[in-house]
Amino acid sequence: MPTAASDDIDILEKAKRLIAPDYVPGEDEEYMNDRQQAYFRMLLIEWKRSIHSAAGQTLQSLQDGPIREADLTDRASSETDWGIELRTRDRQRKLVSKIDSALRRIDSGEYGYCEVTGDPIGLRRLIARPVATMTVEAQEAHERREKVSRDD
């Protein structure tokens, strides 16, 4: 039975065959054509793979043993570092779910289009933030509404 990781590897290989190693999506081609979708799929899968790799390293470090510094100041510093590391991993865990969602949107043909307006998000924004679900304008409006509701 194939695993999700092996499915990602197969999809990644197909995406790599569709695009040249130096390919970057451009405004001069049809929006979200097969090459662009393959590019973003590859970008998202590689990003997810790097997050899983970093999480594995953190897990290994945690399994190597507890903090054993003799000095209380050193121990407190180490515990603070671990707290930061674990919060980072938690944020990345949430990011993996956004990456998975973006991959599903590519599969369904919805990737690259704003979930609010239906307009194209724009290549530069997607290259900068491949998990984006809204245009810059829609995101700004969303954040303004969110700020107003928090202020109430």
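**Salt bridges, burial and surface charge in a five-helix model**

With a relative accessible area of 23%, Asp 100 is partly exposed; in this classification, buried means under 20% relative accessible area, exposed means over 50%, and partly exposed lies in between (1.4 Å probe, protein chains only). The structure is a predicted model, in which local features need pLDDT of at least 70 and side-chain atom pairs count only at pLDDT 80 or more, while totals for chains, interfaces and linings use all residues. Residues are numbered from 1 along each chain as its sequence is written, and side-chain values use heavy atoms, with hydrogens and water left out.

The secondary structure of the protein comprises five helices and zero strands, where helices (H or I, at least four residues) and strands (E, at least two) are DSSP runs numbered from the N terminus. From the N terminus on, the order of elements is therefore α-α-α-α-α. The protein has 152 residues, of which 29% count as buried. Its accessible surface comes to about 10400 Å², and carbon and sulfur atoms contribute 51% of this area; accessible areas come from the Shrake-Rupley method with a 1.4 Å probe, and for residues only the protein chains shown count as cover. Among contacts (heavy atoms within 4.5 Å) in the protein with a separation of 6 or more, 56% are between residues 24 or more positions apart.

Asp 100 takes part in a salt bridge with Lys 48, the closest N and O atoms being 2.7 Å apart. This pair links distant parts of the chain, since Lys 48 belongs to helix α2 and Asp 100 to helix α3 (residues 72–108), with their positions 52 residues apart. Lys 48 has a relative accessible area of 12% and is therefore buried, whereas Asp 100 is partly exposed. A salt bridge is defined here as a side-chain nitrogen of Lys or Arg within 4 Å of a carboxyl oxygen of Asp or Glu, and by this rule five salt bridges are counted.

Helix α2 (residues 34–63) also holds both Glu 46 and Arg 49, which are three residues apart, about one turn of the helix. Their side chains meet in a salt bridge at 3.5 Å, N to O. Glu 46 counts as partly exposed because its relative accessibility is 30%, and Arg 49 is likewise partly exposed, at 39%.

In helix α3, Lys 94 and Asp 90 lie four residues apart, about one turn of the helix. The closest N and O atoms of their salt bridge are 3.5 Å apart. Lys 94 is partly exposed at 45% relative accessibility, as is Asp 90 at 31%. Asp 90, Arg 93 and Lys 94 are joined into one network by salt bridges that share partners.

Two residues mark the region that leads from helix α1 into helix α2. Met 32 is placed in the loop between α1 (4–18) and α2. Although not a glycine, Met 32 has a positive phi of about 55°. The relative accessible area of Met 32 is 7%, so this residue is buried. Gln 36 is found in helix α2 and counts as buried because its relative accessibility is 0%. When neighbours within four places in sequence are set aside, the contacts of Gln 36 are with Tyr 23, Pro 25, Gly 26, Glu 29, Glu 30, Tyr 31 and Leu 123.

A further buried position occurs in the loop between α4 (123–128) and α5, where Ala 132 is located. Ala 132 counts as buried because its relative accessibility is 5%. With residues up to four places away in sequence not counted, Ala 132 touches Arg 105, Ile 121, Arg 125 and Leu 126. The C-alpha atoms of Ala 132 and Tyr 111 are separated by 9.1 Å, the two residues being 21 residues apart along the chain.

On the surface, Asp 119, Glu 137, Glu 140, Glu 143 and Glu 146 form a negative patch. Patches are made of residues with over 30% relative accessible area and no salt bridge, joining like charges within 9 Å and nonpolar side chains (Val, Leu, Ile, Met, Phe, Trp, Tyr) within 5 Å. Lys and Arg count as positive and Asp and Glu as negative, without His and the chain ends; each charge is placed at NZ of Lys, CZ of Arg, CG of Asp or CD of Glu. Within this patch, Glu 137 lies in helix α5 (residues 136–151) and counts as exposed because its relative accessibility is 55%.
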